[in-house]
Amino acid sequence: MQHDLGARPGAYGSACQPTLATTAGPQSSNAVRLHLCACSATLERGQKQLNDMLAKLAGSKKEGGAAPVLAGPDAFLLYDSFGFPLELTQEMAEQQGIQVRPLLYL
């Protein structure tokens with residue numbers, strides 16, 4: 001199942017363009033643009049990773065009807081490796097009826 005972060009591809013970089021145009025010279029602007037492209041790609045990989053994790057959990061209802069749980073270390077991996085804040089992970093998981101255990105985050 002695909003989830004949308006609410007931004008079109010490449011939007012993370014383009015959202016900063018007006019600020020870059022007024023505050024940075026052409027060389028700085030190019031360096032920042034490259035960095036933003038890399039960040040956008042990292043977020044997209046993180047979104048795919050989260051979607052894969054949630055897809056595995058979505059099909060596994062626990063006994064007694066309890067909601068599946070995304071483990072804290074998995075949520076931390078998404079933050080540490082892909083820049084996904086815990087709140088975004090929780091929101092996307094809750095949309096599929098999956099809980100995130102923030103107490104087990106680290």
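Me: How many helices and strands does the secondary structure of the protein chain come to?
Reply: Happy to start there, and keep in mind that this is a predicted model. Reading along the sequence gives the pattern α-α-α-β-α-α-β. Taken together, the secondary structure comes to five helices and two strands.

Me: What share of the residues in the protein chain is buried?
Reply: A residue counts as buried when its relative accessible area is under 20%. The protein chain has 106 residues, and the buried part of them is 28%.

Me: Among contacts between residues at least 6 apart in sequence, what percentage joins residues at least 24 apart?
Reply: Here we look along the protein chain and leave out pairs that are not at least 6 apart in sequence. Of the contacts that remain, the part joining residues at least 24 apart is 68%.

Me: What share of the accessible surface belongs to carbon and sulfur atoms?
Reply: Start from the total, which is about 6800 Å² for the protein chain. The part of that surface belonging to carbon and sulfur atoms is 58%.

Me: Which element gives the largest share of the largest nonpolar core?
Reply: The largest nonpolar core has 15 residues, and those with the most contacts inside it include Leu-50, Leu-54 and Phe-84. The elements that give two or more residues to this core are α3 (26-58), α4 (72-82) and α5 (86-94). The largest share is five residues, and the element behind it is α3.

Me: Which side chains meet in a salt bridge?
Reply: The structure holds one salt bridge. Its partners both lie in helix α3, four residues apart, about one turn of the helix. With an N to O distance of 3.0 Å, the side chains that meet are those of Asp-52 and Lys-48.

Me: Is Lys-48 buried or exposed?
Reply: Let's compare the two salt-bridge partners. Asp-52 has 34% relative accessibility, so Asp-52 counts as partly exposed. The cut-off for exposed is over 50%. Lys-48 has 52% relative accessibility, and therefore Lys-48 is exposed.

Me: Which residues does Met-53 touch, not counting residues up to four places away in sequence?
Reply: Met-53 has its place in helix α3, and its relative accessibility of 11% makes Met-53 buried. One partner is Asp-74, which is 21 residues away from Met-53 in sequence but 8.4 Å away in space, C-alpha to C-alpha. Leaving out residues up to four places away, Met-53 touches Leu-70, Asp-74, Leu-77 and Leu-78.

Me: Why is the pair formed by the rings of Phe-76 and Tyr-79 called tilted?
Reply: The count comes to one aromatic pair. Phe-76 and Tyr-79 both lie in helix α4, three residues apart. Planes under 30 degrees apart count as stacked, over 60 as edge-to-face and the rest as tilted. The ring centres of Phe-76 and Tyr-79 are 6.2 Å apart and the planes are at 50°, so the pair is tilted.

Me: How does Tyr-79 count at 44% relative accessibility, and what is its class?
Reply: Its ring partner, Phe-76, has a relative accessible area of 28% and is partly exposed. Values between the buried and exposed cut-offs, under 20% and over 50%, are partly exposed. At 44%, Tyr-79 therefore counts as partly exposed.

Me: Where do the buried residues of α4 sit around the axis?
Reply: The buried residues of α4 are Gly-72, Ala-75, Leu-78 and Phe-82. They cover an arc of only 150° around the axis, so they are on the same side of α4.

Me: Which residues are exposed on the other side of α5?
Reply: The buried residues of α5 are Leu-86, Thr-89, Met-92 and Ala-93. Their arc around the axis is only 135°, which means that they lie on the same side of α5. On the other side, the exposed residues are Glu-87 and Glu-94.

Me: How far apart in space are Glu-87 and Ala-75, C-alpha to C-alpha?
Reply: Glu-87 is found in helix α5, and with 55% relative accessibility Glu-87 counts as exposed. In sequence, Glu-87 and Ala-75 are twelve residues apart, while in space their C-alpha to C-alpha distance is 9.8 Å.

Me: Is Pro-68 buried or exposed?
Reply: Pro-68 lies in the loop between α3 and β1 (69-70). Buried means under 20% relative accessible area. The value for Pro-68 is 2%, so Pro-68 is buried.

How values were computed:
Residues are numbered from 1 along each chain as its sequence is written. This is a predicted model: local features need pLDDT of at least 70, side-chain atom pairs count only at pLDDT 80 or more; totals for chains, interfaces and linings use all residues. Side-chain values use heavy atoms; hydrogens and water are left out. Buried means under 20% relative accessible area, exposed over 50%, partly exposed in between (1.4 Å probe, protein chains only). Contact means heavy atoms within 4.5 Å. Accessible areas come from the Shrake-Rupley method with a 1.4 Å probe; for residues, only the protein chains shown count as cover. A nonpolar core is a set of buried Ala, Val, Leu, Ile, Met, Phe, Trp, Tyr and Cys residues joined through side-chain atoms within 4.5 Å. A salt bridge is a side-chain nitrogen of Lys or Arg within 4 Å of a carboxyl oxygen of Asp or Glu. Rings of Phe, Tyr and Trp (its six-membered ring) pair if their centres lie within 6.5 Å; planes under 30 degrees apart count as stacked, over 60 as edge-to-face and the rest as tilted. The arc is that of the directions from the helix axis to the C-beta atoms.
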